[in-house]
Amino acid sequence: MVVQAEEGQGRLTGPGHAPRILVATAVPAERDAVASGLPASGVVDVVAVGVGPAAAAAGTARVLATAAAAGTPYELVVSAGIGGGFPPHAPLGSLVVADAVTAADLGAETPDGFVPVTALGFGRVTHEPPAALVRELAAASGAATGTVLTVSTVTGSAGSAAALRARHPRALAEAMEGFGVAEAAAALGIPVAEVRAVSNAVGPRDRAAWRIADALAALTEAFGKFTPVLESWNRHD
């Protein structure tokens, strides 16, 4: 059964030997949209873990650690929700499946520009979801695949959007939680995926142009199509 849980409270799974999958969203509206697309019984748990990479990492880690301690560990974590899309490649209402989950602003500002933390000799800035899973999710839903950026500050100007695309030419979308979720999963050796439905264009903030309801509806539809892929997925294939 699917459990719609706040902060990881409650976890149930369906019968048989199927992978236990955790879907981590930022807020209850995203959680409910994902859960609405899933069947009445299954192996996917959906939680809202908080906004931003730090809250996402902490909330996801708590759920994963609790499950592992109970002897019912998760085998896959999916960061899911709405986000900004880079036009024209990710228009409003479209879906993006990440083939790279990248922290866009983890690093240092220098006289020569931004330097990622990896260039400073430590840390990492990218997690790569399983390639076969990315292909299957994209095929099931018609989603585009590319880099999804994680930012702590949502992009709000044309200049900032252009700078991001210059540093990350394969970027299709930005959101605030994917890298945090991925870090929590990686700490326990669990693969991660990220899915974003596009609610707004990355660039100048124009609230009147946002299509949040459409993006949430796209998220619901996507997870209805994802269900067979997720329930049959095997990390050892």
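Trainee: How many nonpolar, polar and charged residues are in the lining of the second largest pocket?
Mentor: A pocket is an open set of points on a 1 Å grid over the protein atoms alone where a 1.4 Å probe fits, with protein on both sides within 12 Å along at least five of seven lines; lining residues have an atom within 4 Å of a point. Ala104, Val151, Ala163 and Leu164 are among the residues lining this one, as are Asp105, Thr153 and Arg167. Ala, Val, Leu, Ile, Met, Phe, Trp, Tyr, Cys and Pro count as nonpolar, Asp, Glu, Lys and Arg as charged, and the others, Gly among them, as polar. The lining has 5 nonpolar, 3 polar and 2 charged residues.

Trainee: What kind of model is this, and which pLDDT do side-chain atom pairs need?
Mentor: Residues are numbered from 1 along each chain as its sequence is written, and side-chain values use heavy atoms, leaving out hydrogens and water. The model is predicted: totals for chains, interfaces and linings use all residues, local features need pLDDT of at least 70, and side-chain atom pairs count only at pLDDT 80 or more.

Trainee: What is the volume of the largest pocket?
Mentor: Its lining has 21 residues, with Glu30, Ile82, Gly83, Val154 and Met176 nearest the centre. By class they are 12 nonpolar, 4 polar and 5 charged. The volume (space filled by probe spheres set on the grid points, which are joined across faces, edges and corners) is about 360 Å³.

Trainee: Which helices and strands each supply at least two residues of that lining?
Mentor: Helices (H or I, at least four residues) and strands (E, at least two) are DSSP runs, numbered from the N terminus. The chain has 6 helices and 11 strands. Those that each supply at least two lining residues are H1, S4, S10, S11 and H6.

Trainee: Why are the buried residues of H2 on the same side?
Mentor: Buried means under 20% relative accessible area, exposed over 50% and partly exposed in between (1.4 Å probe, protein chains only). In H2 the buried residues are Ala56, Gly59, Thr60, Val63, Leu64 and Ala67. They lie on the same side because, by directions from the helix axis to the C-beta atoms, they cover an arc of only 125°.

Trainee: Which exposed residues are on the face turned away from the buried side of H2?
Mentor: The buried residues of H2 are covered by elements including S2, S3, S4 and H5. The face turned away from them carries the exposed residues Ala54 and Ala69.

Trainee: Which residue just after H2 takes a positive phi?
Mentor: H2 covers residues 53-69. Just after H2, a positive phi of about 80° is taken by Gly71.

How values were computed
The expected span of a helix is 1.5 Å times one less than its number of residues. Contact means heavy atoms within 4.5 Å.
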